[in-house]
Amino acid sequence: QAKAAGRCTFIRYDDHMDVAARQRAVVSGALRRALDRGELRLVFQPRMALSPPRITGVEALLRWSSPEHGDIAPSDFIPIAEENGMILEIGEWVLREACMMLQRWRQHGLDDMAVSVNVSVLQLLRGDFTDVVARVLDDVGIPAHLLELELTESVLMANAEQSAAQLHAFRALGVSLAIDDFGTGYSSLAYLKRLPITTLKIDKAFVDGLPHDAEDSAITPTIVAMGHSLGLRVVAEGVETRAQMRFLAERGCDEIQGFWISPPLEAAQCLAFVRNWRPASMQLPHRAPLVTS
Ligand code: C2E
Ligand code: MG
Ligand code: MG
Ligand code: MG
């Protein structure tokens with residue numbers, strides 16, 4: 001019985017691998033056409049400074065709705081786009097689209113908002129990516145300091161020399177540079193110190209356990225303090241509760257992003273959210289309690 005079950009599992013596992021590989025090839029093909037067919041779009045997640053409270057900007061996040069395959073998560077299709085090289089074209093589209101959206105919002109009066117764009121290792125390593133960024137900023141007409149590029153630790157560490165040179169070129173342009181998912185990679189602090197980055201984004205994994213988990217409540221203030229001592233802005237990702245926000249605010253974390261403020265929103269909704277947003281709606285800890293009587 002057990003043997004039969006084991007064998008059955010093995011066969012199904014093997015089948016499953018085959019299906020997965022075929023599925024990947026199909027998705028890869030569909031992805032090549034997705035951009036031309038208008039199946040890709042951006043959603044935007046607001047980011048909030050804690051003291052004083054204000055919406056500082058948005059992170060652009062890619063979405064793919066395929067008529068054949070349904071909605072596919074970025075964590076599922078971005079690795080495929082990196083594998084088949086489409087990430088270069090897609091990444092440039094994301095950059096331009098995000099900047100154009102910001103420019104439109106600026107024309108609606110949101111003139112001090114910034115936009116953050118996730119950048120893949122392949123984009124970073126192509127020789128002309130700085131030129132691409134410079135051209136997009138110029139074409140769209142937004143000041144460089146309103147664009148932030150988000151890179152993951154593993155990307156930077158795996159290509160240390162070339163990455164450092166690229167980052168210096170970006171800083172010369174005036175764009176901000178964030179390390180995304182900070183704490184999950186393997187950055188050496190000595191290396192980090194030498195990179196011209198402006199922002200650390202603490203990974204959601206360290207925010208989840210706040211405020212009760214002993215390790216998370218030790219790690220996050222340490223990252224905040226370390227970031228500040230290196231002159232960096234520190235942002236916490238994946239903040240979902242008021243208690244997490246309060247903990248981070250009390251430890252001097254500069255900004256938070258997460259469902260507590262807002263999930264990623266369609267462009268029009270995001271514009272409305274930012275325009276209607278009021279600090280009072282956030283129940284921030286340093287605000288005096290309402291006196292009722
Ligand atoms: P990321 O850059 O770390 O983005 C944060 C992810 O966490 C987003 O997932 C966002 O929707 C999600 N998130 C934000 N707040 C919360 C929260 O409070 N709770 C929970 N549970 N989740 C939250 P998403 O949109 O699925 O993106 C996943 C990853 O895919 C991104 O992680 C980023 O690494 C990558 N990605 C997304 N768009 C792009 C893109 O345009 N280019 C590249 N290269 N990568 C992208
Ligand atoms: Mg990001
Ligand atoms: Mg992240
Ligand atoms: Mg991530």
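**Note on the metal sites, ligand 1 and pockets**

1. The magnesium ion (ligand 3) is held by Asp180 (OD), Asp181 (OD) and two OE donors listed for Glu237, at 2.0 to 2.3 Å. The structure discussed here is a predicted model. Along the chain, the donors of this magnesium ion (ligand 3) follow the spacing D-D-x55-E. Asp180 belongs to strand β6 and Glu237 to the loop between β8 (233-236) and α11 (242-250); the pair, 57 residues apart, links distant parts of the chain.

2. Burial of these two donors can be stated directly. Asp180 counts as buried because its relative accessibility, 7%, falls under 20%. Glu237, at 12% relative accessibility, also counts as buried.

3. The magnesium ion (ligand 2) has as its donors Glu59 (OE), Asn118 (OD1), Glu150 (OE) and Asp180 (OD), at 2.0 to 2.2 Å. Their sequence spacing is E-x58-N-x31-E-x29-D. Asn118 is part of strand β4 (residues 114-118) and Glu150 is part of strand β5 (residues 147-152), so this pair ties together parts that are 32 residues apart in sequence.

4. The accessibility of two donors of the magnesium ion (ligand 2) deserves a remark. Glu150 is buried, with a relative accessible area of 1%, whereas Asn118 counts as partly exposed at 29% relative accessibility.

5. The two metal sites share a residue. Asp180 bridges the magnesium ion (ligand 3) and the magnesium ion (ligand 2), and the ions are 4.2 Å apart.

6. Ligand 1 is surrounded by 21 residues, the closest being Arg63, Asn118, Asp180, Glu240 and Phe259. Asn118 and Asp180 are also donors of the magnesium ion (ligand 2). Several polar distances to ligand 1 can be listed. An N or O atom in the side chain of Asp180 lies 2.8 Å from an oxygen atom of ligand 1. For the side chain of Glu59, the corresponding distance to an oxygen atom of ligand 1 is 2.9 Å. Glu237 places a polar side-chain atom 3.2 Å from an oxygen atom of ligand 1.

7. The largest pocket has a volume of about 920 Å³. It is lined by 36 residues, of which Glu59, Leu61, Pro74, Asn118 and Asp180 are the closest to its centre. Among these, Glu59, Asn118 and Asp180 coordinate the magnesium ion (ligand 2). Elements giving two or more residues to the lining of the largest pocket are β2 (53-66), α2 (74-83), α3 (86-107), α4 (121-125), β5 and β6 (176-182). By class, this lining divides into 16 nonpolar, 10 polar and 10 charged residues.

8. Pro74, one of the residues closest to the centre of the largest pocket, lies in helix α2. Pro74 is partly exposed, with a relative accessible area of 24%. The C-alpha atoms of Pro74 and Trp64 are separated by 7.6 Å, although these residues are 10 residues apart along the chain.

9. The second largest pocket holds about 300 Å³ of space. Its lining comprises 18 residues, with Arg47, Thr56, Ala114, His145 and Glu255 nearest its centre. Two or more residues of this lining come from each of β1 (40-50), β2 and β4; the largest share, 4 residues, is that of β2. The lining of the second largest pocket has 5 nonpolar, 7 polar and 6 charged residues.

Terms used: Residues numbered from 1 in each chain as written. Chains lettered and ligands numbered in written order. Predicted model: local features only at pLDDT ≥ 70, side-chain atom pairs only at ≥ 80, totals over all residues. Heavy atoms only, no water. Donors = N, O, S within 2.8 Å, 3.2 Å for Na, K, Ca; no water. Buried < 20%, exposed > 50% of the residue type's maximum accessible area, 1.4 Å probe, protein only. 1 Å grid on protein atoms, 1.4 Å probe; cavity = no way out; pocket = protein on both sides within 12 Å on 5 of 7 lines; lining within 4 Å. Points joined across faces, edges and corners; volume = space filled by probe spheres on them. Nonpolar A, V, L, I, M, F, W, Y, C, P; charged D, E, K, R; others polar. Near = heavy atom within 4 Å. Polar contact = N/O pair within 3.5 Å; in protein donor to acceptor, adjacent residues only side chain to side chain.
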